[in-house]
Structure formats: structure tokens, C-alpha cells
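Labels in structural biology can feel mysterious until you ask what stands behind them. Let's take a few of them and check each one together.

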Amino acid sequence: MLKILKYSFYDLMRSRWSYVYFAFYLLLGVVLLFLNNDLSKAVITLMNVIIVLVPLIGTIFGVMYYYNSKEFTELLLAQPLKRSSIFLGQYLGVALSLSMSLILGLGIPFVFYGLFESSAIWDFSLLLITGTFLTLIFTALAFNIALSNENKIKGFGYAILLWLFLAIIYDGLFLMTLIMFEEYPLDKVSLIGTMLNPIDLSRTLILLKLDISALLGYTGAIFKQFFGTSFGLIVSFVMLTIWVVLPVLRIVFKSKRKDF
Amino acid sequence: MVSIEGLYKKFGKNQVLSGLDLTINEGGIFAVLGPNGSGKTTLIKSILGMVIPNKGEIKVFGEQVKKNSNYRHKIDYLPQIANFPSNLKVKELIKMIKDLRHNTNEDQRLIELFKLEPFLDKKLGTLSGGTKQKVNIVLAFMFDSPLIILDEPTTGLDPISLIRLKDLIQAEKAKGKTILITSHIMSFVEKVSDEIVFLLEGKIYFKGSISELKTKTNQPDFEHAIASILINNHA
């Protein structure tokens, strides 16, 4: 698996898109720091960008890489290699190179700005950790979609729909449910609802860490009670890990049953 | 060395293989023939474990093919359409495949044989179809495995390369290897193969030597023998 990972990673490191992605974050980091001058405000703005953009890029890149490396995959399948190592290697190659673009692209300007002396270092690390989780989750979901759809156009369509659903539509539905059932106690429901969507979960985690939960009103207080504790933090990370593990397991399962 | 029992494969509603039995003994050149869509490539891909059969059992060198990847150490495979990652250089591709399997020096000889030196630093995406096929041949022959599977090896080759390929196949046979070939070029098949396996509608229609086929179909030459099978079965 490590050999496949190595080749996929090198392959992506050569591609122009990895640099574009890296340069984008670099620029974003620099611009935010110069315009804002306030590290924690920059972190909040970054969060808003990352929460939406990272899943989108992860999904698109994942689907694109799978379809583009189809020939390479077929070449590998005839070699004495396990299917699971071929696909997991490719998946990790994509996910790690994207995570690296994110971490380096944002990390470099912040380090130069003096991150290590600032109190925002934990907020910033949390931001990068959730960003990496989101990359791992959405690349895995993208591979799942691509494995199940031979047709490229369909695969891309489903991938975009998935992103749209989790990033935007889910929130809308969630909010409507909360309004419709507002007579009932909803704190548990909203907690569970948040847990079930990795994007919402990441957003809540960061917001509460940034101590602006007062903006969220009563629900915010309940959330703070839950996510603010170490128990809540651990549960959230366990949930994010489950969000990575389940799609990865399906990649292994699906790839073993597929004809090439 | 390869034994297949009751192999069934369906793609959607399309039944490609329906109860195929085949045994291939060690040594010699076997040609798998049949009209388009008769299941030649599916059969080969099933042996390689790329296509997963609905039913049936395949053993290669006594090892079950199902849920196994180890037996592929003993197989060299030349795919039908040589599609390679287009941003890799020829040199890098060869190096990578060697890294994934095991090291060999055989590639040098093959590169010289097919005059590929000027292309080593070129990207695979820029090569012509015939040159790609030569690279494909180098990759397939460089590991010296006891079973070689060639799916349409002649595609896009110029006459000199074709002669070299024939010599190469004969040389491998002389080493006692088993070679499985599919091709639509009947003159090529007639020249190189020892035994014919004729597929029709997902089953083995005929297995035996070329002269046996001629007697069976009452035809003086090989090409007409094959054509008569097709005419009789599709009329």
C-alpha cells in the first residue's frame, strides 16, 4: 500500500492543481493577516472559508483523481497487489496531498506572523485538525461515489449534490425542523443533528472553541455545556473518526466486488 | 496450470460467460478465438482476477484466484488497450512497475529489441499507438513469469515489430512457458499457436489443434475454417 501511496502522492505533487490549491491558501492566509491584524478574527474568517471549501475541493479532487487514474488502476490490478492496498493507497495519496496543501498553505503565513507567541495557537490548530478531518472524510466519500458510478458525468453530479446537501441543504432542513417543533425541547435533537453532519460538527466545534457561543443564544449555552467539556470534545472527534472510517471501509468492500 | 470449472459471468443483463470449462496444460501457445463479444477478454480478466465471476472456480498453478493476489507473481499480462497514465515518462513507468513487482534487467534487452531508446524520456501521453503497444510489450515480457497472457498483442505494430514479437513469443515458448493469446489476425494465430480454444456465446465451442479444426469443418485453410464456424452458427 505504501508504494501505491508514494506513487499517487508524487503524481499529485507534480500536478498543477496541488500548487493552485496551496497557493490559494497561502494567499488567503497572507491577505487575512494583513487586512485583519487580529489573529483570532482571522481564524474565524478562515473557518468560514475552510468549512465550505475544504469539503468541496476534497470531493471534486477525489472524484477527478479516481476517473483520471483509471488506466493506472487497471495496470496495477494485473500486478500481484491486493485490491484494498491499491485503492487505499490512492485514497491516502489524494487525501494527504490535499491536507498538506491546506496545512502548509495556511501554516506558513501564520507562522511568520508570530503564531507561536499568540494565544490563538490552539484555535488555529483545531482549525487545521478539523480541516484535515474534512479532507479525509470528503475524499473518502468521493472515492465511494466514483467506485459506484462508471459514468463520469453521473459521478461528478452525485459528488456535487453530496457536497451541496451537507454544506447547505442539511442546515436548511435542520433549521426548518427546529422551527416546526419549537414547542418541544430540542436540545438533544439539535445536538444529534449536528453530530450527524461532519461540516456542522466541525463548525460548532470551532465556534465554541472561539468563545463566541453567546451569539448562539440558549442552544449555544447547551452546546457549550456539551462541546466545551473534554467529554464533548472527545465525542466530537470520535464522530469525525467514524465519518472517516465508514466510507474507507466501504471503499475496501466495494473495490473487492468490482469488475474492471 | 490453469483450470476453470463452470464459469459464469453476467454484466447487467448481458450473459457473457455461461458455464465455461477449460484446462490449459503447461507449455505451449494457446490462442483464444471467437467473434466480438464472445467473452475472450472477460475470460482473460477472470483469470487475472480483474473480473469477478458470478459462479465457478478458477485455479492458476493450483491456487484459487478468488480473494488472492499472490498467484499474479507468476503471470505476465499484456492488456488489450495500452492506456497508461499520460503524465509519466516511459522510463518512470518501467521503473515503477519494477519497483512494484521485482527488479529485472530483462527490460534493457527488450527496449533495444523494439528500438525504444529514443522514447524513454518522453511522456506516455505523447506516444503513438504503436509505440505505446511496444512499451506495453516490454512491460509484459520483462518479468520472465511462467504464464504469459497477451490480449491482442499485434494492435498497431509495424511489420518489423510484428516479426520481432513473433520471435519473442517463440523464444518464450522454447523456455517452456505457457502463453495465452487472443487475436483477430488469423494469419498471426495460425503461425504462432499450438492449440486453439474457440469461444462462442460464452462457452468453449472447440478446443484442439489447427489441423483438427480444419478436419472438423471440412475446410482447406484456417481462415475459412473459422469463418465456417461463424457462418454456421449465425445463419
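Q: What makes two strands count as a pair?
A: Two strands pair if DSSP finds at least two bridges between them. In this predicted model, four bridges join β6(B) to β7(B), residues 147-151. Four satisfies "at least two", so the two strands count as paired. They run parallel, and one bridge links L78(B) to its partner L150(B) in β7(B).

Q: What makes the sheet of chain B an open one with mixed pairing, and which strands are in it?
A: Six strands form the open sheet, in the order β6-β7-β8-β3-β9-β10 of chain B. Strands of a sheet pair either parallel or antiparallel. Here β3(B), residues 28-33, and β9(B) run parallel, joined by four bridges, while β9(B) and β10(B) run antiparallel, joined by five bridges. The pairing is therefore called mixed. Partners in these pairs include L33(B) with F198(B) of β9(B), and V197(B) with K207(B) of β10(B).

Q: Why are β6 and β10 of chain B said to stand at the edges?
A: Each of them, β6(B) at 75-78 and β10(B) at 203-208, has a single partner strand, so one side of each is left without a neighbour in the sheet. From one strand to the next, the twist averages 15°.

Q: What lies between β9(B) and β10(B) in their hairpin?
A: Two residues lie between the two strands, and E201(B) in the turn has a positive phi of about 50°.

Q: How do you know that chain B is as compact as a globular protein of its length?
A: Compare two values: the radius of gyration of chain B is 18 Å, and the globule rule gives 18 Å for 235 residues. The values are close, so chain B is as compact as a globular protein of that length. Along its principal axes, the C-alpha trace of chain B spans about 50 × 40 × 35 Å. Chain B has eight helices and 10 strands.

Now for some helices in chain A.

Q: Why are α3(A) and α5(A) called roughly antiparallel?
A: Helix α3(A), residues 39-68, and helix α5(A), residues 83-113, pack at an angle of about 150°, with their axes 10 Å apart. Angles over 145 degrees count as roughly antiparallel, so these two helices earn the name. Among the residues that meet are V54(A) and F61(A) in α3(A), and L98(A) and L102(A) in α5(A). By class, this contact has nine nonpolar, two polar and no charged residues.

Q: Why are α6(A) and α11(A) called roughly parallel?
A: The axes of α6(A), residues 121-148, and α11(A), residues 230-256, cross at roughly 25° and come within 9 Å. Angles under 35 degrees count as roughly parallel, so the label fits. The crossing of α6(A) past α11(A) is left-handed. Residues making the contact include F133(A) and L136(A) of α6(A), and W243(A) and V244(A) of α11(A). By class, the contact has 13 nonpolar, three polar and two charged residues.

Q: How many residues of chain B are in contact with chain A?
A: 18 residues of chain B are in contact with 17 residues of chain A. Helix α2(B), residues 90-100, gives the largest share of chain B's side, three residues. By class, that side has 10 nonpolar, five polar and three charged residues.

How values were computed. Residues are numbered from 1 along each chain as its sequence is written. Chains are lettered from A and ligands numbered from 1 in the order in which they are written. This is a predicted model: local features need pLDDT of at least 70, side-chain atom pairs count only at pLDDT 80 or more; totals for chains, interfaces and linings use all residues. Axes are lines fitted to C-alpha atoms, for helices over the stretch in contact, and angles run from 0 to 180 degrees between N-to-C directions. Two residues are in contact if their C-beta atoms, placed from the backbone, lie within 7 Å. Ala, Val, Leu, Ile, Met, Phe, Trp, Tyr, Cys and Pro count as nonpolar, Asp, Glu, Lys and Arg as charged, and the others, Gly among them, as polar. Angles under 35 degrees count as roughly parallel, over 145 as roughly antiparallel, 65 to 115 as roughly perpendicular and the rest as oblique. The radius of gyration is taken over C-alpha atoms; the globule rule is 2.2 Å times the number of residues to the power 0.38. A crossing is left-handed if the near helix is turned anticlockwise from the far one by less than a right angle, and right-handed if clockwise.
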